[in-house]
Amino acid sequence: MLAEMSQDPGGNKLQAQPELFPAAFADAWSFVDSTWRIHELLDRPSIHFATAGSGPTVRALNFKKSVRHFQGARNGMQHLDTKGVKMAEAGFPVWGSLHWVALLEADGSRGLVCTMISGPSLDGTYHMINPTIHEIRGPIDLIELRAFGQVIEISKTYELVIQLAREFEAALEPQFGSHPTSPSDILLSIEFDAPPSADTLYDAVAKNSNVP
């Protein structure tokens, strides 16, 4: 979604598909919540995996340290019924602001620095990423969510989640490596025919039609 928005600096796509705006913020906040749940999962003794047989690994400890500030933003969103009202009254964007860098040329010679604010108020000063002091690893990178006084580095944390997941897989492989694999995602659907509405039945009866 951020890539689509970056390719449309005039905002024509957003005007035609305004749902992209809240969908991007919903994805960002879903990432915050899911990442914090991983942090909480690592606190469970039964989840600890280690190279020496006890306690969390260095990567798990580094992950927890890197995302501990997520709690402030996550709790702020969880208690939006109270904090959201105060923020709205103060003119702050309740869902925060999204920031990212988009490359327009593969060699990095041209790009866009983007900021998206989730609210009608444009008062105040908003952060813009300086792409010259960072390494950009893809066409869309350096994604940040800023809200409730926290800076959530989504792109950086995404890489940490991947590394942690790979370590989980390696730790679990000896126990489950010989088990047969099966699809991890399933979609079930049921087709149905809707019954006629009450108005349709009434009209049919009024016309002396045979209605089962």
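# Notebook: strand β1 and its sheet

**Overall layout.** I started with the secondary structure, which comes to eight helices and four strands. This is a predicted model, so I'm reading everything below as computed from a prediction. Going along the sequence, I noted the pattern α-α-α-α-α-α-β-β-β-β-α-α.

**Whole-protein numbers.** I looked up burial next: 27% of the 212 residues count as buried. For the accessible surface I got about 14,600 Å², with 55% of that belonging to carbon and sulfur atoms. Then I checked contacts with a separation of 6 or more, and 60% of them come from residues 24 or more positions apart.

**The sheet.** In what order do the four strands of the open sheet lie? I found β2-β1-β3-β4, with antiparallel pairing. The edge strands are β2 and β4 (150-153), each of which pairs on one side only. I also pulled the angle between neighbouring strands of this sheet: on average they are turned by 15° against each other, direction ignored.

**Strand β1.** I spent most of the session on residues 97-103. Six of the seven residues of β1 are buried, so the strand is largely enclosed by the rest of the structure. I then went through the partners of β1. With β2 (residues 111-117) I counted seven bridges in the antiparallel sense. With β3 (residues 140-147) the pairing is antiparallel too, over five bridges.

**Register.** Which residues face each other across these pairings? I picked A102 and found L112 opposite it in β2. On the β3 side, A102 stands opposite I140. I checked W100 as well, and its opposite number in β2 is C114.

**H99.** I wanted a closer look at this histidine, which is found in strand β1. Is H99 buried or exposed? Its relative accessible area is 0%, and the cut-off for buried is under 20%, so H99 counts as buried. I looked for a polar partner and found S97: the two side chains are joined by a polar contact of 2.8 Å. General note to self: in a regular strand the side chains alternate between the two faces of the sheet.

Last job was the contact list for H99, leaving aside its neighbours within four places in sequence. On that list I have C114 and T115, and both fall within the residue range of β2. L142, I143, E144 and R146 are also in contact with H99, and these positions sit in the range given for β3. H127 and I129 complete the list.

Technical notes
Residues are numbered from 1 along each chain as its sequence is written. This is a predicted model: local features need pLDDT of at least 70, side-chain atom pairs count only at pLDDT 80 or more; totals for chains, interfaces and linings use all residues. Side-chain values use heavy atoms; hydrogens and water are left out. Buried means under 20% relative accessible area, exposed over 50%, partly exposed in between (1.4 Å probe, protein chains only). Helices (H or I, at least four residues) and strands (E, at least two) are DSSP runs, numbered from the N terminus. Two strands pair if DSSP finds at least two bridges between them. Contact means heavy atoms within 4.5 Å. Accessible areas come from the Shrake-Rupley method with a 1.4 Å probe; for residues, only the protein chains shown count as cover. Axes are lines fitted to C-alpha atoms, for helices over the stretch in contact, and angles run from 0 to 180 degrees between N-to-C directions. A polar contact is a pair of N or O atoms within 3.5 Å; within protein, one must be able to donate a hydrogen and the other to accept it, and residues adjacent in sequence count only if both atoms are side-chain atoms.
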